[in-house]
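Biologist: Hey, got a minute to walk me through this one? I'd like to know how the pieces pack before I stare at it any longer.
Modeller: Sure, pull it up and we'll go through it together.

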Amino acid sequence: MRRQCLTLSLLALFAHPALAADTAKGDLRTVKACLAKAGDDPASCIGVVANPCEETPDGQTTPGIDECLGREQAAWDVILNENYKASLADAKDLDKRLKDEQGTEPSAAAALLKAQRAWLAYRDAECDRIFEINKEGTIRTNAASACQNDLTANRAIALRPDQM
């Protein structure tokens, strides 16, 4: 019964577009604020949304943990996309500069695109693997959700413009 109430509560919250958008914006602000203060340790921001969420009564159930991790992963995914676009722009600028200065064929942007596609395939396959090895228990979804969040956050950090 409690699980049904939680599921219905989460559905009600996220079924309303304005509430879902407000939650997503707040989560994104939380992660970005943490990153702004993290200095040389941006990985310390992994869990900044999910951990407090999991401490709430609704966040202590299997579906609640998945929801908390999913909320944080959505924020990291936005940051990942922003950082990828900035890195791609930098790579295109490098390609142009090297072509103009040295006559070399552009390859930095193509290499980044190839790497990002490979990383996406890796993330999905690795998290599927984590799900499969935990298939005997209810923790399988939590393990896969944590995998998605952690790998997405780490890739977003790796693609930060100041890291290139």
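**How the helices pack**

Modeller: Let's start with α4 and α5: their axes come within 8 Å and cross at roughly 155°. That angle is over 145°, so α4 is roughly antiparallel to α5. Keep in mind that this is a predicted model.

Biologist: Which residues in α4 and α5 meet?
Modeller: On the α4 side you have Q73, D77, L80, Y84, S87, L88, A91, K92, L94 and D95. They meet A108, A109, L112, L113, Q116, W119 and R123 in α5.

Biologist: And how many nonpolar, polar and charged residues does the contact of α4 with α5 have?
Modeller: It has 10 nonpolar, three polar and four charged residues.

Biologist: Let me zoom out for a second. How many helices and strands are there in the protein?
Modeller: Six helices and zero strands. Going along the sequence, the pattern reads α-α-α-α-α-α.

Biologist: What percentage of the residues count as buried?
Modeller: 35% of the 164 residues. The protein exposes about 9,800 Å², and carbon and sulfur atoms supply 57% of that area.

Biologist: What about contacts between residues far along the sequence, at least 24 apart?
Modeller: If you take contacts between residues at least 6 apart in sequence, 64% of them join residues at least 24 apart.

Biologist: OK, back to the helices. At what angle do α5 and α6 cross?
Modeller: Roughly 160°, with the axes of α5 (residues 108-133) and α6 coming within 8 Å. That makes α5 roughly antiparallel to α6. The crossing of these two is right-handed.

Biologist: Which residues make that contact?
Modeller: From α5, the list includes L112, W119, Y122, I130 and F131. From α6, the residues include A143, A144, C147 and L151, and also R140 and R155. By class, the contact of α5 with α6 divides into 11 nonpolar, four polar and five charged residues.

Biologist: Now α4 and α6. Parallel or antiparallel?
Modeller: Helix α4 (residues 62-102) and helix α6 (residues 140-158) have axes that come within 8 Å and cross at roughly 20°. That makes α4 roughly parallel to α6. α4 passes α6 in a left-handed crossing.

Biologist: What does the contact of α4 with α6 have, by class?
Modeller: Nine nonpolar, nine polar and four charged residues. Among the α4 residues that meet α6 are T62, I65, D66, L69, Q73 and W76. On the α6 side, N142, Q148, N149 and T152 are among the residues taking part.

Biologist: I've spotted N142 there. Buried or exposed?
Modeller: N142 counts as buried, because its relative accessible area is 10%, under the 20% cut-off. N142 is in helix α6, and leaving out residues up to four places away in sequence, it touches T62, I65, D66 and L69.

Biologist: How far is N142 from G70?
Modeller: C-alpha to C-alpha, N142 and G70 are 9.8 Å apart in space, with their positions 72 residues apart in sequence.

Biologist: And Q73, what does it touch?
Modeller: Beyond residues up to four places away in sequence, Q73 touches R123, Q148, N149 and T152. Q73 sits in helix α4 and counts as buried at 18% relative accessibility. The C-alpha atoms of Q73 and L151 are separated by 9.2 Å, although these residues are 78 apart along the chain.

Biologist: What about D150, where is that found?
Modeller: In helix α6. D150 has 34% relative accessibility, so it counts as partly exposed. D150 and E72 are 78 residues apart in sequence, while their C-alpha atoms are 9.6 Å apart.

Biologist: One last thing, away from that trio of helices. D27: where is its place?
Modeller: D27 is in helix α2 (residues 17-38). This aspartate is buried, with a relative accessible area of 6%.

Biologist: Which residues does D27 touch?
Modeller: V49, R71 and A75, again not counting residues up to four places away in sequence.

Biologist: Great, I'll go and look at those side chains now.

Note on methods:
Residues numbered from 1 in each chain as written. Predicted model: local features only at pLDDT ≥ 70, side-chain atom pairs only at ≥ 80, totals over all residues. Heavy atoms only, no water. Axes fitted to C-alpha atoms, helices over the stretch in contact; angles between N-to-C directions. Helix = DSSP H or I, 4+ residues; strand = E, 2+ residues; numbered from the N terminus. Parallel < 35°, antiparallel > 145°, perpendicular 65-115°, else oblique. Left-handed = near helix turned anticlockwise from the far one by under 90°. Contact = heavy atoms within 4.5 Å. Nonpolar A, V, L, I, M, F, W, Y, C, P; charged D, E, K, R; others polar. Buried < 20%, exposed > 50% of the residue type's maximum accessible area, 1.4 Å probe, protein only. Areas by Shrake-Rupley, 256 points an atom, 1.4 Å probe, with all protein chains shown as cover.
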